[in-house]
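Here are a few exercises to work through with the model open. Try each one yourself before reading the solution.

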Amino acid sequence: MNNSKHILVTGGAGYIGSHTVVELINQGYVPVIADDFRNSEERIISGIEKITEVSPQTHRIDVTDLGALEYLFQKYSFIGVIHFAAYKAVGESVASPIKYYENNLLSLINCIKLCEKYGVKNVVFSSSCTVYGEPDQAVVDEQSALKPANSPYGATKQMSELILQDVVRSKADLKVLSLRYFNPIGAHPSGEIGELPIGAPSNLVPYITQTAIGKLAELTVFGDDYDTEDGSCVRDFIHVMDLANAHLKGLEWLSNQEGQLFDVVNLGTGKGTSVLEIIHTFEKVNDISLNWKFGKRRDGDVSQIYADASKAKQQLNWVAQKSLEDSMRDAWIWEQKLANAK
Ligand code: UD1
């Protein structure tokens, strides 16, 4: 390892990427953002600047463009790469599978090719609990079987992990940690950065905040007859700042390992929360009455899934710190800041 503290963050202007950039800066790293802003806006970089008082080095490039990405590997001496750049909308991936396979796989392949060529050994990969497909049990640990993916998006995450595993097996001098996120929610508590859904959001929390602010008329809770305590689905909702922090822990852990390795770690709170609990917490914390109704089940939804997060605790010394109340308050602060900026 050299003295450089440069970390390449592909997709660093995105939702989880931008929060991770803040944490990297706070802990003395020098993040270098590679992002073409197809799914973000300049305001996210300004937000990072406001929070950290540092202007992150930002390169407007498409990570599927090998030449453009190689320029960054020539310019900087990276000690690690955190690879976020990817599409993530489940429904869109069903409608446009090639778009997903091309973008998500090519960007990963480019990163790995260049890590090998330039001797960058530490790679953190942005994966998802979607790799478990439809699990046999609600709680999943890293040993749980990877069932068939229920969307092309999910398939790209499974394939990416396979690619990484094969590259490491081929004796590449590479250490890879794949972080399987459960349901990221919330925003930086300052409200300077957060998620920027394009068009109508498909995820629950942006849907809630946009309904509360009046951009959307009402929220539909998909299904009231699941085999759960209150009939709505159960997920493991985790504050995005906790997730961001886990990337730092992951990077630290990787840097202390010798030889090549591929490993996976779940990132969740370890606790299941129902959709109705989320709504009620949002209403209570922010003193808002949300316009919602029950509707039909959504295709492809599993009844309940949450993390066994014990490996993250043992291996990375990481435990989620923030509460559901924190997430609901921060998501709402962000939505209001967005509205005021327009
Ligand atoms: C999906 C992906 C996950 C990905 C995440 C964020 C799968 C199986 N899961 O999670 O990998 O990380 O998106 O992109 O591919 N809901 C409503 N009304 C709404 C919206 C959602 O009731 O308007 C419910 C859903 O039915 C679900 C829960 O809220 O039970 C969470 O949904 P969502 O935020 O879309 O995330 P997941 O589908 O769990």
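**Exercise 1.** Find how many residues surround the ligand, and which are the closest.

*Solution.* Start with the shell: 20 residues surround the ligand, and S128, L204, T220, R235 and D301 are the closest. A residue is counted if one of its heavy atoms lies within 4 Å of the ligand. Before going on, note that this is a predicted model, where local features need pLDDT of at least 70, side-chain atom pairs count only at pLDDT 80 or more, and totals for chains, interfaces and linings use all residues. Residues are numbered from 1 along each chain as its sequence is written, and side-chain values use heavy atoms, with hydrogens and water left out.

Next, sort the shell by class: 10 residues are nonpolar, 6 polar and 4 charged. Then look at the elements: β9 (219-222) and α7 (204-213) each supply at least two shell residues, with β9 giving the most, 4 residues.

**Exercise 2.** Work out which polar atoms lie by the ligand's oxygen and nitrogen atoms.

*Solution.* Look for pairs of N or O atoms within 3.5 Å. Take the side chains to begin with: an N or O atom of R235 sits 2.6 Å from a ligand oxygen, and a polar atom of N183 is 2.9 Å from a ligand oxygen. Now the backbone: a polar atom of T220 lies 2.7 Å from a ligand nitrogen. Finally, check the cover: of the 750 Å² of accessible area (Shrake-Rupley, 1.4 Å probe) that the ligand has on its own, the protein covers 90%.

**Exercise 3.** Trace the strand order of the open sheet, then name its edge strands.

*Solution.* Walk across the 7 strands, paired in parallel: β3-β2-β1-β4-β5-β7-β12. Pairing here takes at least two DSSP bridges. β3 (57-59) and β12 (261-267) pair on one side only, making them the edges. From one strand to the next, the twist averages 20°.

Key. Polar contact = N/O pair within 3.5 Å; in protein donor to acceptor, adjacent residues only side chain to side chain. Nonpolar A, V, L, I, M, F, W, Y, C, P; charged D, E, K, R; others polar. Axes fitted to C-alpha atoms, helices over the stretch in contact; angles between N-to-C directions.
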